[in-house]
Amino acid sequence: GNARTMFDSVGQETDQVTEAMGNLIQAGYQTRDSIEDISASLAGAVVKYGDTFNVEGLAESITTTTQLGEVTGQLTDLLEKEGVNVESFNDKMASMATEEERANYISQLLADQGLTSLYNKYAETNGAIVDASAAQTSFTDEMNKLSETLTPLVTKVTEIVTKIMEW
């Protein structure tokens with residue numbers, strides 16, 4: 001499913017989801033598939049640990065981690081909870097040349113920890129929630145498109161009304 005639907009289905013706020021998506025793109029996830037893979041892992045972390053993590057915080061720390069080549073923020077906590085040796089993780093990060101390479105490694109590591117399959121199981125069990133999230137996301141997209149279409153019209157009407165009031 002799409003990343004926004006995944007995040008929404010595990011109870012993340014729309015503005016946090018938007019921030020998270022921006023962070024993931026900055027972190028080096030450039031394709032739809034790579035964004036969906038990491039998103040499923042982050043959603044899995046939220047399912048597993050509840051309010052301990054949110055996708056915005058995780059995505060932000062992934063961005064910083066891929067840029068610095070050293071783990072930071074919520075990602076540190078997640079790796080520790082998952083029993084990953086942070087020191088060897090940092091050594092691995094330091095040995096990689098690009099942010100994209102680091103991003104892919106993080107994605108693979110989290111999937112190997114079972115977080116992606118955890119989200120997939122959650123999505124199967126909670127199909128109605130995921131479907132409702134998908135419908136809500138789709139509805140929001142349509143409303144945004146409609147708003148973009150109507151904005152010039154509303155602006156024009158406002159200008160006309162303002163001119164009339166000035167007479």
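1. Helix α3 (residues 32–49) packs against helix α4 (residues 55–68) at an angle of about 130°, and their axes lie 10 Å apart. This angle makes α3 oblique to α4, since the oblique class takes in angles that are not under 35 degrees, not over 145 and not from 65 to 115. The crossing of α3 over α4 is right-handed. The model is a predicted one.

2. The contact between these two helices is made on the α3 side by Ile38, Leu42, Ala45 and Val46, and on the α4 side by Val55, Leu58, Ala59 and Ile62. By class, the residues of this contact are eight nonpolar, no polar and no charged. An α-helix has 3.6 residues a turn, so residues three or four places apart point the same way.

3. A further packing of α3 is with α7. The axes of α3 and α7 come within 9 Å and cross at roughly 45°. That angle makes α3 oblique to α7. Here the crossing is left-handed.

4. Which residues bring α3 and α7 together? From α3 they are Asp37, Ile38, Ser41 and Leu42; from α7 they are Ile106, Ser107, Leu110 and Ala111. This contact divides into five nonpolar residues, two polar and one charged. Ile38 and Leu42 appear in the contact with α7 and also in the contact with α4.

5. Serine 41 deserves a separate entry. Its place is in helix α3, and it counts as buried because its relative accessibility is 0%, where the cut-off for buried is under 20%. Once neighbours within four places in sequence are set aside, serine 41 is in contact with Ser107, Leu110, Ala111, Leu115 and Thr116. Of these, Ser107, Leu110 and Ala111 are also named on the α7 side of the contact between α3 and α7.

6. In helix α5 (residues 73–81), the buried residues are Gln74, Leu75, Thr76, Leu78 and Leu79. Their cover includes α3 and α4, along with α6 (86–94), α7 (99–112) and α8 (115–125). Just after α5 comes glycine 83, which takes a positive phi of about 80°.

7. Is aspartate 91 buried or exposed? Aspartate 91 is found in helix α6, and it counts as exposed because its relative accessible area is 52%, with the cut-off for exposed set at over 50%. Its C-alpha atom is separated by 8.6 Å from that of glycine 69, although the two residues are 22 apart along the chain.

8. For the chain as a whole, the count is nine helices and zero strands. Read from the N terminus, the order of elements is α-α-α-α-α-α-α-α-α. The chain has 167 residues, and 40% of them count as buried.

9. Two further totals describe the chain. Taking contacts between residues at least 6 apart in sequence, 66% join residues at least 24 apart. The accessible surface comes to about 9,400 Å², and carbon and sulfur atoms account for 52% of that surface.

Definitions and conventions. Residues are numbered from 1 along each chain as its sequence is written. This is a predicted model: local features need pLDDT of at least 70, side-chain atom pairs count only at pLDDT 80 or more; totals for chains, interfaces and linings use all residues. Side-chain values use heavy atoms; hydrogens and water are left out. Axes are lines fitted to C-alpha atoms, for helices over the stretch in contact, and angles run from 0 to 180 degrees between N-to-C directions. Helices (H or I, at least four residues) and strands (E, at least two) are DSSP runs, numbered from the N terminus. A crossing is left-handed if the near helix is turned anticlockwise from the far one by less than a right angle, and right-handed if clockwise. Contact means heavy atoms within 4.5 Å. Ala, Val, Leu, Ile, Met, Phe, Trp, Tyr, Cys and Pro count as nonpolar, Asp, Glu, Lys and Arg as charged, and the others, Gly among them, as polar. Buried means under 20% relative accessible area, exposed over 50%, partly exposed in between (1.4 Å probe, protein chains only). Accessible areas come from the Shrake-Rupley method with a 1.4 Å probe; for residues, only the protein chains shown count as cover.
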